[in-house]
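Here are two short exercises to work through with the model in front of you. Try each task before reading its solution.

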Amino acid sequence: MSKKIVALGASNNKDSINKKLASFAANQIVNAEVNVLDLNDFEMPIYGIDRERESGIPTLAHDFKVHLKKSDGIIISFAEHNGSYSAAFKNVMDWISRIEKDVWESKPMFLMATSPGGRGGMTVLEIAVNKFKLMNKNTIISYSLPSFGQNFSEVDGITDKELLISFNEQLKSFEEAL
Ligand SMILES: Cc1cc2nc3c(=O)[nH]c(=O)nc-3n(C[C@H](O)[C@H](O)[C@H](O)COP(=O)(O)O)c2cc1C
């Protein structure tokens, strides 16, 4: 049985390195049906309680949830903006968190981050792992890829041997949870 994987870069950069990493990870899963989402397709007004009262929750937020519901597992790679989530991602999360309590549909999740620098988005990844473990009781796996430019190739994926070994270990744990 093939597994349906939703993958996204938590960024609205059209050349997002996190989208590339999330997509790479999803495509490493044997027999997976991969659905790569682009946050630009889910751009909504900035969340506000008054806006929600006046106009309700945007259709795009419901559409995003349908993708999650139809999946067996979710891969998100976080862009780090000033030590936290990108505004584009946070806005989608804020809107979908108003639909129902089970924001991530209790699906296994592989949370990742990468950046051009040596910390590999570890600050946002730690924030995400702590928060997502509270929101979702299913398996949460994490992985950070430092220095994306040096360690990732569009053709070969993760090129550093040691980093690839640790990535494969984390990916295996995610696959086992699917
Ligand atoms: C507004 C802004 C804030 C940023 N803040 C950080 C940061 O706190 N830490 C970091 O490692 N990189 C930071 N960066 C650099 C990002 O890691 C880099 O732009 C990366 O490409 C983002 O991932 P993306 O390509 O998936 O959007 C920032 C970039 C922007 C545009």
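**Exercise 1.** Work out how strand E4 (residues 109-114) and E5 pair, and how the chain gets from E4 to E5.

*Solution.* Start with the pairing: E4 and E5 run parallel, joined by six bridges. Strands and helices here are DSSP runs (E, at least two residues; H or I, at least four), numbered from the N terminus, and two strands pair if DSSP finds at least two bridges between them. Next, find a register point: Leu111 lies opposite Ser142 in E5. Then follow the chain from E4 through helix H5 (residues 122-135) to E5, a right-handed β-α-β crossover. Right-handed means that, with the strands pointing away from the viewer, the path from the first strand over the helix to the second runs clockwise.

Before going on, note that this is a predicted model: local features need pLDDT of at least 70, side-chain atom pairs count only at pLDDT 80 or more, and totals for chains, interfaces and linings use all residues. Residues are numbered from 1 along each chain as its sequence is written.

**Exercise 2.** Explain why E5 (residues 140-145) is described as largely enclosed.

*Solution.* First, apply the burial cut-off: a residue is buried if 20 or more other C-beta atoms, placed from the backbone, lie within 10 Å of its own (exposed if 12 or fewer, partly exposed in between). Second, count: six of the six residues in E5 are buried, so the rest of the structure largely encloses this strand. Third, check both faces: Ile140, Ser142 and Ser144 point one way, Ile141, Tyr143 and Leu145 the other way, and all are buried.
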